[in-house]
Amino acid sequence: MYQTFLENFKMQTRTLIFLNLILFINLNLNAQKRALTIEDTKYWNTINEESISNNGQWISYIVKPNKGDATLYLYNTENAKKWSFERGENSQIGYNNNLLIFKIKVQEDTLRQKKLEKVKKEDFPSDSLGIYFFDRDSTLKVEKFDRFLLPKKNSNWLAYMYEYKAPKDTSEASKDSSKTEQDSSKTKKHDQKGHRLVILDTKNMAQYIFDNIDQCAVSENGLNFIYTQNITDSIDTAKVWIFNTQKSKEELIFQQTGKSNQINISNNGEKMVFLFSPDTGKTKNYNLWLYQYSSKQLQCIANSGHSFMPQDFAVSTNQKPYFSDAGNRLYFGIAPKNKPEPKDSLTEDEKVILDIWAWTDKRLQPQQLKELDKDLKESFLYAYEIKTKQTFAIEDSTWRAKVSRKTEPYYYLAESIIPYQKTTSWEADIPFDFSLIDAKTGLRKTLALNATWDIRISPSGMWSIAWDQQLEEWLLINNKTLSIKHISNNIDDIFYNNDHDTPSLRSSYGIVGWSENEDFVYINAKYDIWQFSTNGKTQAICLTKGEGKKNNTEYRYRRLDKEEIYLPKEEWLLYHFNEETMEAGFDRMNPKSLERTMLFEGNYTYSQVLKAQAADALIWTKANFNTFPDLIFSNTNFESAKTISQANPQQNQFWWGKISLTEWIDYNGDTLKGLLILPENLDATKQYPVIVYFYEKYSHLLNVYWTPKPSHSTINFPFYTSNDYIVFVPDINYNTGTPGRDAYNAIISGVAHIERLPYVDSKHMGLQGQSWGGYQVAYLITQTNAFACAMAGAPVSNMTSAYGGIRWESGMSRMFQYEHTQSRIGGTLWERRDKYIENSPVFFADRVNTPLLIMHNDGDGAVPWNQGIEYFVALRRLNKPVWMLNYNGDEHNLMKWPNRVDLSIRMFSFFEHYLKGKEAPEWMVKGLPATLKGKTLRY
């Protein structure tokens, strides 16, 4: 008994020592933590370009800091060994699980030094090519490469091109494409630039080198490479070559006087296509040539003389011809013939340069100018049936189509906006005309006119499924008979977007896909997934048995096969998300038996899943506010999960934050949600300043990881909580005509809710928002003096002037935004004049008593920067404390790195001054006169 007592005493003592040690370690770690600085955020990493080999043995991914050079990693799942390649990007793992090919970027510091030295851009160092061979554990590096070609389904061969100095000699010998390595070392003095093509047999490392190459393409199976030479001498000569990898032999298939362009090859390598122009002048028009490898048949299949070609049209060089995956159908574009430019007889100062804005134009002049290059390169898609040699039009100047190369459908779907194009300036719900093209006859038949449909065609082309936005119903269309069935009208479920809150038509939740024989089409409801019969023989079935609707849980199909055309027969992977708890996870479901098993769930956001094509292996990520989405490797049941990356181990050195959902009753009696983010080291006996950030709704982003980084336009949540701020992000419900009042209702009621918390300093609360959020900031400070300061990025301050403005990034009118979309006024300026004024902050600028920092850049293509100017000059006239930052030439959200860092510094110091009482920076006290621009930043 004494011995038992002694043993227990010793065990308790060891446990107590262990617990004290853990406590000591935790206290010590916490004591070592510090707040994030803006400098720290520059080097936070993200992961991208994730890939897994077909056999599941190899995983590659890029770790890239916000500023600096990326690192490419390769991970072996069998032995957990890891390789790293500095500055590696644009990587691909070979289909045969034998290699990793990637671009090696020039070091950022090197490029920076060249810029400081005023070196011309064309003299900058070039990127390199890296190829790591798994079996050899060795890397081949190629300097100054231009591009590489890796066959999609055969990595025993690859090719790359790079620029080299070609011999000036113009003899016949210099025009030959092929060259052995020995020959290449004996070439004459190099003083002309050209491109060298190297085709590499990755098994025995044999290289086949060809010079003076313009373009190259390779078949998916790696059987054939096709490449071209355009040799310029006294006359132009075009040559087209094939290199067959089975024979390791080059073959010349075409040589004529003229110029080639736009080559391509079928997946099986049996068919090749290229453009050729016999024109010897500067203005060239092209013909389309088809070569069939097995039969050695070469023929011109499209030129301006063919009967199907409209008058004064030719094959377009702006539409690369391509084959369907099966290789039986060829697609190419046609366009008006190129014509010689008339001789310029005027000097520049004699020319009239103007734009004429005509009320009859279908597009505004700014939009026409924005789309000018696209219009000048416009081409119309045609199809050529190789077996029957039939050619037919899919597109013309009226009809446009989206064509998948995955299948060879019986019908193509085309749409036309032409009759309604003018209304795009003010309408959000633009109708279209729809037509079908019969692939056998080439004939077009009308499907619908003036229809507000969101429509998809089945892979075979025999069916179309359309969401009718007017009826809010799904329509199933037989493309052969044009019969239409209303398939969802008697279903007790929500198929329209139930969260839609703008004065426009509601969208759907989309379709899932089709069964292999197209007997069924699968459609998403708000929460559940439905199966509809195309032949009408069976009733609609809810595959998720209504449990989604019952539990406020959204179920969505996740594709595992990247090349999938039809949905799997036996097993689906579903992603689920609960709108109440914000938990998410994965399920396995049989679409026939409807058996469904939840694999797991948690308080995380999970990424799209990538599956190894020929192995029971997945890669995926999980994230929440505190957990960076590192890469995870597991089997397809998500078992034996192993985290294989550690992109940001430094996070443990910094104070972070604690996020939670909070709910309150707004002034309309509705329950609202919001995110409340507290400092990690919060002391409940102290009070903390609050920054209220908002846009529309954010509560569903509870489990998102917010990467620390210099600001594009908004506050960074973990940066501010790390620096002892509370961040509050309320959801906002909107009604038509009252966006400002709705923002006030949600935000101010939410602020009143959190003010009750003992650690909230209600006297030191600030506002921050960008774009739509910036507008709401600008509005709120005309309605309340509750905030110590506010920052508004790109705010609309005057809806009456913004209504007639232009979105300069697209050239479109802004009218539709106010009548039908985000601004939610619900009518024209002359119909609802009172609402435009009521919701415009500038008309109430005299009520503002809150110090305001505005950012509005003169390169803003979304909100005209004069909106920021109007508010600034009004507040300045009223002698209110206001500053406006204009980052010259930068965009709606900052894109230039130094500007992002600068905004982060100024916004932080602005909040530090007004919310923590720190000394105001010099730029806030003295401004920055134009005479000092570029000489000091006055931090």
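## A guided tour, stop by stop

Begin by selecting R136 and F133: the charged end of R136 sits over the ring of F133, 5.0 Å from the ring centre. Keep in mind along the way that this is a predicted model.

**A second charge over a ring**

Now select K622 together with Y604. Here the charged end of K622 sits over the Y604 ring, at 4.4 Å from its centre.

**Strand β20 and its neighbours**

Next, colour residues 287-292, which make up strand β20. Is this strand mostly covered or mostly open? It is mostly covered, with six of its six residues buried. Show the side chains and look at which way they go: N287, W289 and Y291 point one way, while L288, L290 and Q292 point the other way. Residues on both sides are buried.

Add residues 271-277, strand β19, which runs antiparallel to β20 and is joined to it by six bridges. To find your place in this pairing, select M272 and look for Y291 of β20 opposite.

Then add residues 297-302, strand β21. This strand also pairs with β20 in the antiparallel sense, over five bridges. A handy residue pair to click on is L290 and its bridge partner Q299 in β21. Follow the chain from β20 into β21 and you trace a hairpin with four residues between the strands. Stop at K296 in the turn, where phi is positive, at about 55°.

**Aromatic rings**

The model holds 71 aromatic pairs in total. Start with F719 and Y720, an edge-to-face pair whose centres are 5.3 Å apart, with 80° between the planes. Both of these residues are buried. Keep Y720 selected and add Y725: this pair is edge-to-face too, at 5.4 Å centre to centre and 70° between the planes. How buried are the two tyrosines? Y720 has a relative accessible area of 2%, and Y725 has one of 0%. Both values fall under the 20% cut-off, so both residues count as buried.

Now widen the selection to W883, F908, F910, F911, Y914 and W923. Ring pairs link these residues with F719, Y720 and Y725 into a cluster.

**Salt bridges**

There are 45 salt bridges to explore. Go to R824 and D501, whose side chains meet at 2.8 Å, N to O. Why does this pair tie together separate parts of the chain? R824 lies in the loop between α13 (815-819) and α14 (833-838), and D501 in the loop between β34 (484-486) and β35 (511-514), so the parts they join are 323 residues apart in sequence. R824 is buried, at 1% relative accessibility, whereas D501 is partly exposed, at 22%.

Move on to E570 and K592, a salt bridge of 3.6 Å, N to O. E570 is in the loop between β39 (553-558) and β40 (572-578), and K592 is in the loop between β41 (584-589) and β42 (596-602), 22 residues apart. E570 is partly exposed at 46% relative accessibility, and K592 is exposed at 60%.

Then select E912 and K918, which form a salt bridge of 2.9 Å, N to O. E912 is buried, with a relative accessible area of 8%, while K918 is partly exposed at 45%.

For the last stop, select K152, K153, E220 and E563. Salt bridges with shared partners join these four residues into one network.

Definitions and conventions: Residues numbered from 1 in each chain as written. Heavy atoms only, no water. Buried < 20%, exposed > 50% of the residue type's maximum accessible area, 1.4 Å probe, protein only. Helix = DSSP H or I, 4+ residues; strand = E, 2+ residues; numbered from the N terminus. Pairing = 2+ DSSP bridges. Phe/Tyr/Trp six-rings, centres within 6.5 Å; stacked < 30°, edge-to-face > 60°. Lys NZ or Arg CZ within 6 Å of the ring centre and 35° of its normal.
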